Every structure is written in structure tokens, then in C-alpha cells.
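Subject: Handing over a structure, with notes

Dear colleague,

I am passing on to you a structure that I have been looking through, and I would be glad if you opened it beside this email. My notes on it follow below.

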Amino acid sequence: MKNTKTFRREPLTDSQLLMTIAICIFLVMYVGAMLIFKGGFLRANQIFDILNDNAPLIIVSCGLTIVMIGGGIDISVGAVTSLVVMACALFLNNGGNVYLSMLLAIGIGLGFGLVQGFLISYLDIQPFIVTLAGMFFARGMTTILSVDPQKVNIDPIHNLFETIHRGALVNTSIDPQTFNTSTENLTELVRDGKMTFFEAIKNMNFRTLLEGKIKIDWLGYTAPNGNRIPASMEYGVVIALLCVVVIFLLLKFHKLGRGFYALGGNQTSALMLGINVKRTRFLSYVICGLLSGISGYVFLLHTGAGNATNAVGMEMNAIAASIIGGTLLSGGVGNVVGTFFGVMILNTIKKIVVTSGLNAPWWQSVTTGGMLCFFIILQSVVIFIRSKVRRSRISKK
Amino acid sequence: MADHALLEMRHINKLFPGVKALSDVDFTLRKGEIHALMGENGAGKSTLIKVLTGVYQNDGGEIRVEGKNISIRSPQDAQNNGISTVYQEITLCPNLTVAENMFIGREKDVFVHNRRREKRANELLGELGIPARGSQMLGNCSLAVQQMVAIARAVDMNCKVLILDEPTSSLDDKEVNVLFGLMRDLKARGVGIIFVTHFLEQVYEVCDRITVLRNGELVGEYLTEELPQVQLVAKMIGKDLDEISSFGEVEEKEFSDADIFYEAKKLSSSDALPFDFEIHKGEVNGFTGLLGSGRSESVRAIFGADKVNGGTVKINGKHVKITKPIDAMKNGIGYLAEDRKRDGIIADLSVRENIILALQVMKGFFKPISRSESEAFADEYIKVLNIKTASRETPIGSLSGGNQQKVILARWLLTHPDYLILDEPTRGIDVGTKLEIQKLVLKLAEDGVAVTFISSEIEEMLRTCSRLIVMRDRRIVGELKGSDLNQAQVMKTIAGGES
Amino acid sequence: MKNNFKNIFKNGLGQLTIPIIAILLLVIFNLIRDPSFFRITIEIDNAGNRVLAGNLISIINAASELAILAMGMTLVTAASGGQDISVGAAAAIAGSAFVKVLKSGGNINGLIVLLAFVVAVIVAMCFGAFNGTLVSIFKIQPMIATLILFTCGRSIAYWINGGATPTVDSSIVKAIGGFIPGCPIPTPVLIVIAMAIIFKLVFHFTSLELFTQSVGINGSAAKLNGINSTWIKLLSFIILGACVAVAGCIGVSRLGLINHETLLIDIEMDTILAVAIGGNSLGGGKFKMAGSIIGAYVIHILTVTLYAMKVPSTDVKAYKAIVIIILVVIGSPVIKKWFAKTAARIKNKKASAPMKGAQ
């Protein structure tokens, strides 16, 4: 018993181990891509591109990780993000102030978090159903808010056309190359549901914010034509990274953060340990909602347009990222840094698939599914082996 | 008397829909005493504890701590008033460290200082002699250590009243002694301890006073030295003791080799080391040993409940392969698992469905027992075993522990086993039902059923078994029968012949 | 008589209370709004058959796929304590396989349709088995395990037909998705009835119900009683696979074409919702399949009601969400307890009056 007082390194916890695995695999994958594909992967821009495109997903995944650590689930995050994008776009286009629009984003996010959290923790309703309803509601509101295609005049269509060529059009059933810009054709496409209209933002203050990028020259590269292209990072990425850091600290060092782990580990125990279980669970959903709001705004900063099909499927991507990063849906295990790398892994795969010339649209989702399958099985095996080792160690004592 | 009362509960009432769980109960705890709270299952012990810890709210009466009236609405309220509880099931979080488990939920700091916390935890653990480190994950500790961590937490909270709810049921003797040392230490510091247990010897070992409850009412409060054990039991079950003493010695039975029903050679599983074992028709044998000695693991291996690694098994002289529970069941073996809640009852299903479950499994997936047939079975066994239930369609989860156990017994009796393994069938159930189960075991043996009976109460085993297999450190270290079957000899074998 | 009434008041209809109340409320609401809402007429369709028509028929007809999926989902939920979110994607795969086989032969006759259906069922069962293996052997939560197929299922469907959305022109297929000549009831409704009868028979002639509930409530105890819980969980996913194939084939037959992107899109959420509205715990254990089926119809009555109120199809979701929330709030344990408490207080007031006198 004496020697127990001497310093001893504790074995990695499940959260740490799963996170380490995720980071290692990310590194291996990326270095592999660098060696095989060279080109884009050797440039820092590649990483910044991934970050720029996925800042909203990172933020949303952080929120979801918190909820999952607390043993819950929130599938409304993508829909809330989309609602925030649409609401803020409309607000700005109708002469709203940029700062007020930020408040609006946070307000919508918080509102969803508060209501869902209340229903789940104080009325004891299954989180899946509540957030499913939240998802339906947010998606429905988004389409209600979205512009009626019949009223659209030539000008926004011009804007829209611009946006399509900037790569922001999500709907894959239209090929931008063969895209016919005649008004009749557009209206037809909209009626068939093949395309939805953007609410492109005209507010000048917001435009400056949108165009604003942090340029890091020394990380850039020189294009073949001699132009120096600096690595550029949008403000959204800074917000996302900030979110990751803040939530990492919250989970690790804040009373509330530890409460989430306790809650997910064993709810009855958490109650007996004097943790206010209901409030802790409530707050996990509130934080998640708040982050969805922020994510919506970052999304808008990236695309500069509101669209009813924004962020479709984001909730599942966020869940996938959290899982790859080592968060277990059963609760109590997880880490937000892992989640960050989860997002990176998901999107690096997509980049690799595109770079390898597998352009058929089904390749991306099949590889994503395969990767997900690999990680899920790997984790299941790792956890199984560890619990077995632990059990034998205890019984040997 | 009331002047050094630490905790007073007066005229406590608690109503549940249809039941009065507590009626007008008084309870007094003094400074620096260990006070046993005794009663059968359903007597209201746990309800009283839950009222005191804020899990339930009392429907009447008052609670005073050091003379001050308090109201307890949540576990936090209880903690704030200096009332801490250590439950039978570990109520800590396995995914947090030992130190975190000791300090979470009661620190005022918004930010957590892990280093400082672990240092304090290590000091306290050292002081109390608990073999754990603050930085260790709780899930990596043994159950006993986890329990002690829970006590350390309570100690550090400067609790005035410490409630220990069945703390010893998952500990072995050595660990129990450490725990008792800890309790006496706390007692010397002036902490009042409420000790809830089923083990009578332990009560007489550490307790100063005993309060007995029966059917939600107070029977009385006694000084331990003034209340002989026999009388205590009488007060708890409220019936004559003759019935208890009516158990004679188990008569000697001679078994020939031809009667061997089950025989295993070098049987081993993922949790049990290889062992040899045989049992005759109509024999009652027992496995004994400390917790973790491998007694449960061995019978689980016989039933195929864990992964069987090797060994040969003969039933009625014929080789058979038992690797899954269904194999064992098809060969006429039944197994009543140690942990009723986890491995026995299907809580939301009705008594009827619980009774027919094993038989249904044996009959197979495609031959369901018809409704009327299953109702007949259920009615029969409810009557035979005297199961107290509102109806056969009542969910088993709402029955009391003893009656749940009877339903599980009925489940196995219905399969008409040739060999029945009962692992701790009497744990956590009231004295009356215990006696009924012991009688049933003897009756089964008379009918030619081989029975393996495991119990942590050696007396109980001595009353029922004609042969005892003693295990230590996952190995069989002795086999006792005939005149060797007495408490002293059993203890000696368990302890390893040192004393 | 009075006792009976009291019993129903006290115990309600069990877990069916909420869905039945919901259906009644929706029906009453519609009748008030438009008394002719549920009028059923006999019309002559394009093929010259005399068929039933009207809002009620279209509701029951449109809910067929959902009802079939809800039956399978109930089993999966009960056995595994989780939900399969890949049913939409898997249905797209099954539908694609169905069309692939139909298109491979020359003319489409009954035999080929049957063959195509069998192939679709086998394919869907294989994918069900894949999900089930992850859940039962690798012990992964169902939602996570099925996330894989959810992610890539529609892409696999895309691949089966090479990205095309082939149309099927056949009177048999049309009959499956519409009406059998001479029968006024829509075929999908008949299929739902057939499925319900099949499940009833399965429950009667096997111990599936008892075993599934045992596994869902207490897996460890079920295992010690000789139930092969791995197999039961796997089986539930395979059965769901069969349901998915049936739903997928109905979906394809309705349109006469397979569109892997839109076939039964978003139906997984509705399916889970149907199970929950039916009063089944999403945490597994005891289940009532009837509840889930009613739940499916509740969802569709709601949708059709909203359409009838001229709510655009894209906005329906928002209103649906509000109704769902109201339903689950009424059904929530806290609110139920509050009701019970209030009821008990009223009763107690009556009962305690004489007791006080005695004291």
C-alpha cells in the first residue's frame, strides 16, 4: 500500500484512447494523401479549405459531443443551423443591422436549446423524439421563411447564378456546367424541387465581413502563373476553433463539464453525488442549441446566402464526426478535440476521393460509410478488449 | 435521552398509491453511535432511508437534526444537512477518477483543480487505509474499494449522520473488517451511523442500538446487549421461533456411484479455473467460500453461463457438451442466478410470463405455450409457493424481493429439473421466505432432485446441505461432510487452516 | 358496469391511450372543419375500375409504407432498445433491386414480378442482417450502427441502376401500387392487412413476442434463461429488412419508377415517431405493435389534414412538429404523474374526511 503513494502514470481513459486513435488515423491518412497525391495536399491551403468549408460542422459537432457525453442525443442541430441561416439572411436583406443579426442567430439557437432542454430534462420526454420534433419544426420554419419562387425577379436570379458558380449550390442534381440561366428554365427547376432559391445577402456591412479573410502569406504557395496565393482563413474558422478550445476547457476543468461526464456515466450516481441532474442535462441541450445558433451564423458567413436546403444532413455528419472522434452514444465517454479531428477525417476522406478522380457522386458517401463502419467496429473492439482486461485485473486482485 | 440526539424522526408517514409504507414511525440517532435498522423486506427500512435522504418526501411527521427542524426535498438537501448515504449498489460514476468521485457535486469552486483534489484525496484515502489512488479511474477499482471511496467521500463531507445501506453484501470478511474499523473510527469522531444489513452477526459485532420495523410500523428501539439474537429475529418476523428451530440436523444419506447425476472433470470457463465436481440424485450440496473465491463462477461454468473453455461433463454417465445455458437446460439443469435484479427477473413482464419463460425456451421458439396453459401453470405455482401478488398479470417488478425470488424459483421448478443450482436464493429477502426456500430445497432433494445451494450464511448451508465444497482463491480447497459439517470446521477450511 | 368504466378510467387503454385519443381528436377536428372530409365515394379510375376514393382512403393508402415499416421497427426497438435510421436508404436499395430484376427480363409477367420481389426481400434482409450483426455481435448502439447504411445506402441504390431512374411499365406493378382490377380497395392497404395478419400469426405460432420482450427488458436474464439474445436481435433486424423490402416495392410500384434519391425519403424519422406515438418506449422492452400501426395512421391523418387546410407541403413539417410536441408532452411521465396526483388528491379528500373524524 505504501508504493501507491509514489507517482504513477495512470493508463489512458477510454475517452483519451479513442481520441488518440482518431488523431493517429487522421495523421496517417493525411500523410498518406500527401505522399500519394502530392499536389494540393502538400499545400497548407488544403487544410484551410477543409476548415473554411466545415467551420459550421465543427461548431455543431462540439455541441452534439456535449449532449452525447451527457448520454443524450440532439438531431435538430442541422435544422436549427439552417433556420438561423435563413432567418439571418432575411433579416439582413430587409435592412437589419449586422450586430443585431448576430444576436438573432444566438437567440434562435438558445431558444431551441431552452425549449428542447426543458422538455427533455424537466418533463422527462425521450430526447430523440423531442429533437426530432425540433428538427421538423426548424426545417418547416425554414421553408416557410424562404422566398416564394414565383415572386423572384431577374436580379436575384443573377445573384443566384453567381453563387452557383462560387460553388455554394448544394443540390447535386444540377450540373453548373450545363446550367441554363433563362428565367423560364429556373422557375421550372424550382417548381420541380430540383433547385431552391437562395436568399443572397445584399447588406454591405455583412458583405465586408463575408469577404474578410485572415491571410497568412508564408503558408501560401505560388501558382504556376507566378501569382502568390496566400493561405486564407475565414473568420468562421476562428470562431470554430475558439469554440473547440472553450468547450475543451469547459469539459475538462469546469464543474459543469465534469457534471456532463458524471451524468453520462451513471445518472443515478450523479444524482446521489449531489449533482443537479435535471439542470445539468438541461444545460447540455442549451449549450448545444447555442452552438447551433453560432454555427448558423458561421454558415452564413461562409456562403453569404440563405437556402431552404442549407445544412441538410448536417446532424448525421455531426453525429458521425463525434463518433469517429471517440464519443460514445451511451454517454460518459468523449472528447471535443477528438470530435474536431472527426470532422477533419470525414472531410479529408471526401477530398481524397475527389482527388483520386472518383467523381461519381456515390463514391463520397460510400467511402464515408465505409470509414464510419471501420471506426465503429474498431471502437467496439477496443472497448471490449479494455473492459475484459479491466475485469481480469480486478478479479486477480 | 433526547438531549444528545443527533437525528430525530417523529411520526413519519409515507403513502404510496394503495399502500401505507410507513405509518407513524419514530427513529432517534445519537452522537457517536452505530444504530442498526432492522426489519424484513417490506418492513419499511428502505423507505425510511429514502425519506431521510430526500429520494422520497414524507407525507407527515418531522425530521430534526441537532434539534433543528429540517425539510429534505432532494439528496442535496440531505447532504447539506450533514446526512450522507452509501448505498448497496455503488452510486459513483465509473468513468470518473476516484478523486473526482470524492469531490464532485459538492465543491463551490466553478473550476476544478485536479492536482489539489488528487492530493487531498490521496491524503484521505491513506488516512482511512483505503487501497486506491486519487488519479485512478473508479471503474478500475474493485467493488469493495469503490464502496470505501463512497464512504471516504461521506467522511470528507463532515457528515454528522452516515447511512450505510447493506454495505457489506458485496464484501468478503477481510474487507468487512476494514469497513468495521472505519465505522468505529468514525464513531469515535462523533458521527452517528445508521447501519442497514441482513447479517445478524454483523449487527452484534458493531452496533450499539437496534431499531426494528415491521410492516411499516415501529416495533421498538433496543440496546444491542439487551436483545438476544433469537429475540431480535422474533421481533423482526413477528412469529414464533419454534419454526426456525424446528429444522433438525440434515440426516446422513449414503450415495452410491450409480446415483451420480452430474459429473465434471477439469471443467473450466473464462471466469473459473479447472475443477472436478459431481453430484448425486437427491443430494443437496453447497459451494462455500469468501466472495470472489470462485463459488459462483464454478456453478456458472456448470450451467454454461460463462464461456466454457474445457473439461468433460457426464450426465447420467453419458458424455454431454454444455457450452450455453440452453444446453444445460435441455439436460435437466436449472440455475437461479445470484443477482436477482440483473440476471433473474424480467421486470416489466407479468408474473405469468416470468414463470413460463424457462419452460418456453426449452420447448423452443416454434412451440409457444398457449395462453390458457400458461395461466394454469402460473396459478398453480402462485398457489404452491404462496406468492403474494395482486394477480398473475402483475408485472414482477412491482413485487417484493422475496416474492420475486419465488417467481424465479417457480420458473425453474416448472421445467422439472433433475439438478437445480441455487446461487444465493435467500439473499436480500425476508426471514420467513428464507425458511420457506430452505424447506423447499429439502423437499426437492427428497423427490430425488440434485440441488446445489450457495449462500453467504454458513448456518443456512449447514442446515440444508449434506456436503460442502469449500473454495479459496478460485480453487476447491476442501470437501466437508458428515461430522465435519460444523461452523468451526467450515471457517477453518475457508481460512486455510491457519486458526 | 360502473366498475368496468372505473377500470378504464383508472388504467386507461394502457399504452394505446395516447394514439387513440390523438386519432379521435384529429377525426373530430376534421369533421367539425369539414363534415364531408371523410366521405367515401366510388369512382372510376383510369383503368376503368370501380374504386373507393376520398380523403380517408387516401390517408389509409398513403400510410401503408409507414405502417409496414413501423411494424418492423417496433420489433427492432423492443429487442435492441434502439432504432434503425437506415430504413429509407435500405428501401431505396430494395426498390432498386426490384426494378433491376424487372428490367432484366423482356416482358414483365407475374413470375418475374414475384422473382423481383423475392430478390428485393433477400437483398433488404441481407442489409438488415448487416445492421443486426453490428448491433448484436459488435454491441454497437443501433442508431450508430445504422448510421453507416443511412450514409451510403442511397448511393448503393444509385449504383445498382447505374444512376438512372428507370421506369417500369407493367400492369402488374401498377396493380401493386394502385388497384387490382375488380377490387375497390387500394392494394397497399391490402398488403398492410396481410402483413398485420402475418405478424399476428407469427406471434401466435412462435415465442417471438415473449423472447423479444425478455431480451429488450433484461438481456442478461434472458441469456441465463437460455434465450439466444444475439439471434433475437439479429432476427428483429432481418424481419425489419423484410418489411423494408415490402415498403420499398410498394413505393416503387406506386410511381412506376425508382428514384433512389426520393423514394421513401425521410421516412425513418416518421417510422420512429410512429413507434413512439404508439406508446412504445424507445428504450426497448414491452411493445404493442397495434400502437405503432395506429401511430403511423396518426401521422398521416395529421399530414393530410394539414394539406386539406392548404398548408404547403414543404411547411407541413413545422405544424407536424407542434402536434408531436403536444402529444409527447401529454404522454410524458411528469405530466402523467401530475394528473395521477391531482386525481389522488381529490380521492384522498373524500377518503380522509372520516379518518380525521376517528382521530
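Before the notes begin, one cut-off is needed: a residue counts as buried when its relative accessible area is under 20%, and as exposed when that area is over 50%. Please also keep in mind, while you read, that this is a predicted model.

With that cut-off we can take one residue of chain B as a worked case. Thr394(B) sits in the loop that runs between helix 14 (371-384) and helix 15 (401-414) of chain B. Because its relative accessibility is 13%, Thr394(B) counts as buried. Leaving aside residues up to four places away in sequence, Thr394(B) touches Leu349(B), Ser350(B), Val351(B), Thr389(B) and Leu399(B). With one of these, Thr389(B), the side chain of Thr394(B) also makes a polar contact of 3.4 Å.

Turning to chain C, you will find 16 helices and two strands in it, and of its 359 residues 51% count as buried. A compact globule of 359 residues would have a radius of gyration near 21 Å, and the value for chain C, 23 Å, agrees with this. Along the principal axes, the C-alpha atoms of chain C fill a box of roughly 90 × 55 × 40 Å. If we take the contacts in chain C with a separation of 6 or more, 73% of them are between residues 24 or more positions apart.

The last part concerns the place where chain C meets chain B, where 22 residues of chain C are in contact with 30 residues of chain B. The two chains bury about 2000 Å² between them, and 65% of that area is on carbon and sulfur atoms. Which three residues supply the most of the area that chain C buries against chain B? They are Leu210(C), Leu224(C) and Asn225(C), which together supply 34% of it, more than any other three residues.

Across this interface the rule finds zero salt bridges, whereas it does find eight residue pairs in polar contact, with both residues at pLDDT 80 or more. On the side of chain C that touches chain B, the elements that give two or more residues are helix 9 (187-205), helix 10 (208-217), helix 11 (219-224) and helix 12 (229-255) of chain C. Helix 10 of chain C gives the most, with six residues. By type, the residues on this side of chain C divide into eleven nonpolar, nine polar and two charged.

With best wishes

Methods. Residues numbered from 1 in each chain as written. Chains lettered and ligands numbered in written order. Predicted model: local features only at pLDDT ≥ 70, side-chain atom pairs only at ≥ 80, totals over all residues. Heavy atoms only, no water. Contact = heavy atoms within 4.5 Å. Buried area = accessible area lost by both parts, 1.4 Å probe. Salt bridge = Lys/Arg side-chain N within 4 Å of Asp/Glu carboxyl O. Polar contact = N/O pair within 3.5 Å; in protein donor to acceptor, adjacent residues only side chain to side chain. Helix = DSSP H or I, 4+ residues; strand = E, 2+ residues; numbered from the N terminus. Nonpolar A, V, L, I, M, F, W, Y, C, P; charged D, E, K, R; others polar. Rg over C-alpha atoms; globule rule 2.2 N^0.38 Å. Buried < 20%, exposed > 50% of the residue type's maximum accessible area, 1.4 Å probe, protein only.
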